[in-house]
Amino acid sequence: MALRRALLALTAGAALAAPVLADDAGRQALAAALHGKIAACWLLPADLPDHVQAVRVKFSLTETGELDGSPEIDGPVGGDAATKTFAASAVRAVVRCAPFAGLAKLAPYDAWKTVVVTFKRPDS
């Protein structure tokens, strides 16, 4: 059950940081592909306190779908241990899932060169 809730916790799509050159259908397919893959790799920390907020992870990809550098948290993260653990789990999910093969079939490289994904707690 925890895995099912974690799958729903990842936002429905990736916010593409690069100018989107794909049509809406391509963009939706791209977001769905990224969502599905990353959600399956996310191990949600147990017993998250209510105050833990969503975190955004930004990462760049090569044309072959490999990570280009390390994913990083996009924005501030609270100072408590639970929030830091939640943020670290989101970054690990992206690293664990790489490479992201097949994206070129869904949209032009400029549409997924840089990706920002929001991770939310299951009950938010």
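**Salt bridges, a disulfide and aromatic rings**

Arginine 56 is partly exposed, with 36% relative accessible area; here buried means under 20% relative accessible area, exposed means over 50%, and partly exposed is anything in between (1.4 Å probe, protein chains only). Everything described here comes from a predicted model, where local features need pLDDT of at least 70 and side-chain atom pairs count only at pLDDT 80 or more, while totals for chains, interfaces and linings use all residues. Residues are numbered from 1 along each chain as its sequence is written, and side-chain values use heavy atoms, with hydrogens and water left out.

Back to arginine 56, then. Its side chain meets that of aspartate 74 in a salt bridge, at 2.7 Å from N to O. The term salt bridge stands for a side-chain nitrogen of Lys or Arg within 4 Å of a carboxyl oxygen of Asp or Glu. Arginine 56 sits in strand β2 and aspartate 74 in the loop between β3 and α3, so the pair ties together parts that are 18 residues apart in sequence. Helices (H or I, at least four residues) and strands (E, at least two) are DSSP runs, numbered from the N terminus. Like its partner, aspartate 74 counts as partly exposed, at 29%.

Searching the whole structure turns up two salt bridges. In general, side chains of opposite charge can pair when their charged atoms come close. Besides the pair already described, arginine 121 bridges to aspartate 50, with 3.6 Å between the closest N and O atoms. Arginine 121 lies in the segment after β4 and aspartate 50 in the loop between α2 and β2, so this bridge ties together parts that are 71 residues apart in sequence. The two ends sit in opposite settings: arginine 121 is buried at 7%, while aspartate 50 is exposed at 67%. Arginine 121 has another partner too, since a polar atom of its side chain lies 2.5 Å from the backbone oxygen of proline 49. That makes a polar contact: a pair of N or O atoms within 3.5 Å, where within protein one must be able to donate a hydrogen and the other to accept it, and residues adjacent in sequence count only if both atoms are side-chain atoms.

Next comes the sulfur chemistry. The whole structure holds one disulfide, a pair of cysteine sulfur atoms within 2.5 Å. It joins cysteine 41 to cysteine 97, with 1.9 Å from S to S. Distant parts of the chain are linked this way: cysteine 41 belongs to helix α2 (residues 24-41), cysteine 97 to helix α3 (residues 81-97), and they are 56 residues apart. The torsion about the S-S bond is about 120 degrees, so the disulfide is right-handed. Cysteine 41 counts as buried at 15%, and so does cysteine 97 at 3%.

Helix α3 deserves a closer look. This helix has 17 residues and reaches 24 Å from its first C-alpha to its last, close to the 24 Å expected; the expected span is 1.5 Å times one less than the number of residues. At its N-terminal end, aspartate 80 acts as a cap, with a side-chain oxygen 3.3 Å from the backbone nitrogen of alanine 82. Among the buried residues of α3 are Phe86, Val91, Val94 and Cys97. The buried residues of this helix pack against α2, β2 (55-60), β3 (72-73) and β4 (114-119), where contact means heavy atoms within 4.5 Å.

Aromatic rings round off the picture. Rings of Phe, Tyr and Trp (its six-membered ring) pair if their centres lie within 6.5 Å; planes under 30 degrees apart count as stacked, over 60 as edge-to-face and the rest as tilted. By this rule there are four aromatic pairs. For phenylalanine 59 and phenylalanine 100, the ring centres are 5.6 Å apart and the planes at 25 degrees, so the pair is stacked. Phenylalanine 59 is in strand β2 and phenylalanine 100 in the loop between α3 and α4 (109-112), 41 residues apart. Phenylalanine 59 is buried at 2%, and phenylalanine 100 is buried at 2% as well. Tyrosine 109 and tryptophan 112 pair edge-to-face, at 5.0 Å centre to centre and 85 degrees between the planes. Both are in helix α4, three residues apart, which means about one helical turn separates them. Trp42, Phe86 and Phe119 form one aromatic cluster.

Finally, leucine 61 lies in the loop between β2 and β3 and is buried at 0%. Leaving aside neighbours within four places in sequence, leucine 61 is in contact with several residues, including Phe100, Tyr109 and Trp112.
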